[in-house]
Structure formats: structure tokens, C-alpha cells
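Me: I should like to go through the terms applied to this structure and ask what justifies each of them. Please set every value against its definition.

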Amino acid sequence: MTVTVRFAPSPTGHIHIGNVRTALFNWLFARQNDGAFILRFDDTDTARSKAEYAEQIERDLRWLGVDPDRIAYQSQRMDAYDKAAQALKDAGLLYPCYETPDELERRRKIRLTRKLPPVYGREALRLTDAEKADLEARGHAPHWRFLLPNFADDPFAPKRTDVRWSDAVRGEQSVDLASMSDPVLIRGDGTYLYTLPSVVDDIEMGVTHVIRGDDHVTNTGVQMAIFRALGAEPPAFGHHNLLTTASGEGLSKRSGALSIKSLAEAGYEPMAVASLAVLTGSSTAISAMADMEALTGAFDITATTKSAARFDPADLDGLNQTLVHDLPFDAVRTRLGDAGVDVDDPRAEAFWVMIRSNVKKVADAADWWPVITDRPAKDAALDGDDLAYARAAFDCLPEGAVDATLWKRWTEAAKAQSGRKGRALFMPLRIALTGRAWGPDLSDLLPLLGREEILRRRP
């Protein structure tokens, strides 16, 4: 059987780094097993789901290098869910309930005062057909609950019913169905909650492994029961730890925090985002993977820790800088052009090779381009003895080729003339040439300027 996994986001906002963690876990697992990856949009919430969000999610995944083998929309599969729901109703496993939220809350409190588990007491099962008809005639539309298999003969006498599975991430797991309320699968307005469509799709699409966040662990027993009620064996399950912000807060699509769209627009490299999203919160050392092939090799689903992992953008900056420092000119040519670098200038490639070790993001290089091609920046200035020294140093600029050796020859001459050394020797020259107290190696910068331009920058 071909390993088949799925990522099923709701297109109700921009996906964030935590969502992508789940997508990458699934995609990498599929790659390691020569399997298939399905992008399945949970868009049954017609009020909040938007086509532009679905389109952006697909773009985000492809930006990261994740190419779905299949794309599906749950909104186009309602007939399959209706058929499954009817089968459960016919089997007496999906039953109508008429309580209001206030009534349910009142009953929950009563159970708590009696030291009983605060679960639904299945009162709706006691309703006669006449009582149901009367409720509906008075405008009470039913919601529908799935009858959990947590009893022998009497549904009002649930008993401990452990559902066990070997979790691909967490190892042996179990949940007690008697500790849970019968889940609502269909709302009063007739729309489906995610549970039933998810199970139906997993069955019909041949999903073999469900890999998702560990906030779904307690749902697993219920879903396994629904799989079996529909005549199918459940897939394997794996629940990875969740990502939080650096301060420990949960991530939200609604807030837009750390959305993939915003990270891409901020100039981060896809592999920096993917590397940190996958490797953080695991026993595998976090490092910048050069490409998806390398990340596939490094990924170990069993290395994921059980506690929540904090996603720190500062770590992302470090990984991004590592990747940028190794990028060849051809890989960044278009982005440099978009940022304002004249990539047709014969100095452009040498400029990139020089500046890439001094920037965190590709677009940052554009800030240095006018320093090379036009005039020094105005971030630092010379005065006093440093100004006098720099002027005199320009007078002893050596003759000969303006190549990588010029800087050493020039500073040796300036040292002999002034007696300066170290920072006092080279910093005034750097500021005179670039207008900044930091930057690329001047032995690489001088050949890009040329002798005429160097002398023009004499303070």
C-alpha cells in the first residue's frame, strides 16, 4: 500500500509557521517513504472560507518547495458526507439532539456537583418520536451526535473503553471513550463539523498516516471509532508537538503572526523557514538545510519532543544568514534586480560575492549598491585627527593594479607614514570610502571602485 498523507488546512486566514510544520512533517514523511501528499482544503465553513486564502496557502507551500500530488476541496464532496451521515443514522449511531447551549451548560454543572464526569448524558436518546416531532414543530432544529461505543448493552451505563494506538511520534497512546461526550458531527443548521468529513475523506482518499499536532491526541479515539463505524480500519496516527511564539503564546491564523506570506515578504529564504519549522522542538540539531533533499535526510519523526517548542525569529535570522552567504549570483540575480541592483552592470556578480557575507537577506544587498556605484553613505563621519589622517593616507595610495592586494599595500604605506595600527589605521579609511563603520572586506571593495573613484572619495 502506498504511503499517503494529507495536510488539511481551513482557508480562513494565512497559514503560519505552526501550520507549515504539520504540512512539512507530512510531506517529508511521504518523501521518505516514496508516498503521496494530498493538500485537502477543509472549506466547509462557507461563511469564513475564502478562495484567496486557499490560493495563498498553495502559493506558500510551493514557495517552500512542497508540491502536492493532489489538491481537493471538501466543499465539493458534500454528497460523500451526506451518504456517510445517512449510513450512521440508519445504524443508530448518529442521533438527533435538541438541547440549547444553556441547557447543556446547566446539565454539565449539575453533573459536576454530583461528582460525575462533565460529559453529555445522552438525554436525547430517551426522546420518543412524538417528542422529537413536537420539538421540531416548535422550531428546534436538531444537531446530531455520534454514539460512542463505550458501553455494553445500556448506553446510559458507559464503562471504561480504552482505545489504543502506536503513535508514530509519541509511542503507545490510549484514550478512554467513557471520559468523553458523544461528539457533535452535524450542527443544527445542517453543516458538518470537521470530524466526519475528515474521516470520510481519509477513507476514500486512501490516507495511510494522519500526522498532525498533538492538540488532536484526545480526538483520535473518537475518530478511530468513526472509521470502524463506517466499515474501515483507521490509519496510523502521529502527533507532533506544537510551535508557540518566542514568548510562549499560541500561533493564530487570525492574528497573522509568523504567517508564511509575511515571512516570504520579509525576505527570508524558504529553506531557512522550512529548516527551523521542522527541526526546532526535536533532538536533531538545528541547522540550515541547503535544500529539501537535505532536509528530507535530516528529518526524523521519532526525534520530535513531547513538549511545545518555541519558534524564535532570531534563530530564523541566523539560519537565513547562513544560507544567504552561500547563494551564487545566478540564484539571486532576479531578486537583486527587484531590490534595485543593476544586475547588468559588469560589477554586479563580484559585488554580490563581496557583499553576501555582510547581509542577512538578499534584498539587504541593495543598500550597498549605491555605496559602490554612486557615493559613500552618511552613516558615519570623520573629524579631528581621524579626518587629518585619512586625508594624508589618500595621498599615499600606491600605484599599480587596483586588485585584491591594493588594500594591504595601501595600509602598509599609511602605517609607515602615520605610525597608526589596528582600528585606528583602517577605520578612518573605511568611513571615508563607504560612509560606514562596518561592511565588506575592503580588499574586495577597492577593485569594484577603481582608482579614479577611490581618489574621488578623499575626504
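Me: Why are Asp202 and Arg40 both called buried?
Reply: Both Asp202 and Arg40 are classed as buried, because that word is applied under 20% relative accessible area, whereas exposed stands for over 50% and partly exposed for the range in between (1.4 Å probe, protein chains only). The model is predicted: local features need pLDDT of at least 70 and side-chain atom pairs count only at pLDDT 80 or more, while totals for chains, interfaces and linings use all residues. Residues are numbered from 1 along each chain as its sequence is written, and side-chain values use heavy atoms, with hydrogens and water left out.

Me: What makes the pairing of Asp202 with Arg40 a salt bridge?
Reply: A salt bridge requires a side-chain nitrogen of Lys or Arg within 4 Å of a carboxyl oxygen of Asp or Glu. In the pair Asp202 and Arg40 the closest N and O atoms are 2.9 Å apart, so the criterion is met. Asp202 belongs to helix α6 (residues 195–204) and Arg40 to strand β2, so the salt bridge ties together parts that are 162 residues apart in sequence. Helices (H or I, at least four residues) and strands (E, at least two) are DSSP runs, numbered from the N terminus.

Me: Which residues are linked with Asp202 and Arg40 in a network of salt bridges?
Reply: The network also contains Arg6, Arg77, Asp201 and Glu204. A search of the whole structure gives 30 salt bridges.

Me: How do you know whether Asp176 and Arg160 are buried or exposed?
Reply: Asp176 has a relative accessible area of 14%, so it is buried. Arg160 has 61%, so it is exposed. Their side chains form a salt bridge of 3.4 Å, N to O. Asp176 is in strand β7 (residues 171–176) and Arg160 in the loop between β5 (143–146) and β6 (162–167), so the pair connects parts that are 16 residues apart in sequence.

Me: What justifies the word salt bridge for Arg457 and Glu453?
Reply: The N to O value for their side chains is 2.6 Å, so the pair satisfies the definition. Arg457, at a relative accessible area of 5%, is buried. Glu453, at 15%, is buried as well.

Me: Why is Gln223 called buried?
Reply: Its relative accessible area is 3%, so the term applies. Gln223 is located in helix α7 (residues 220–229).

Me: What makes the link between Gln223 and Arg212 a polar contact?
Reply: A polar contact is a pair of N or O atoms within 3.5 Å; within protein, one must be able to donate a hydrogen and the other to accept it, and residues adjacent in sequence count only if both atoms are side-chain atoms. The side chains of Gln223 and Arg212 are joined at 2.7 Å, so the distance condition is fulfilled. Contact in general (heavy atoms within 4.5 Å) also relates Gln223 to Tyr194, Thr195, Ser198, Val199 and Phe237, leaving aside neighbours within four places in sequence.

Me: What makes a group of residues a nonpolar core?
Reply: The members must be buried Ala, Val, Leu, Ile, Met, Phe, Trp, Tyr or Cys residues joined through side-chain atoms within 4.5 Å. The largest such core has 47 residues, of which Ile17, Met292 and Leu295 touch the most other members. Elements giving it two or more residues include β1 (4–7), α1 (17–32) and α11 (313–324). The most comes from α1, with 9 residues. A second, separate core of 45 residues includes Leu327, Leu382, Tyr389 and Trp407.

Me: How do you know that β2 and β3 pair?
Reply: Two strands pair if DSSP finds at least two bridges between them. There are 4 bridges between β2 and β3, which run parallel, so the requirement is met. The open sheet has 3 strands in the order β1-β2-β3.

Me: Why is one side of β4 and of β8 left without a neighbour in the sheet?
Reply: β4 (94–97) and β8 (184–186) are at the edges and have a single partner strand each, so one side of each has no neighbour there. Between β5 and β8, which run antiparallel, there are 2 bridges, so this pair too satisfies the definition. Arg145 has Val184 in β8 as its bridge partner.
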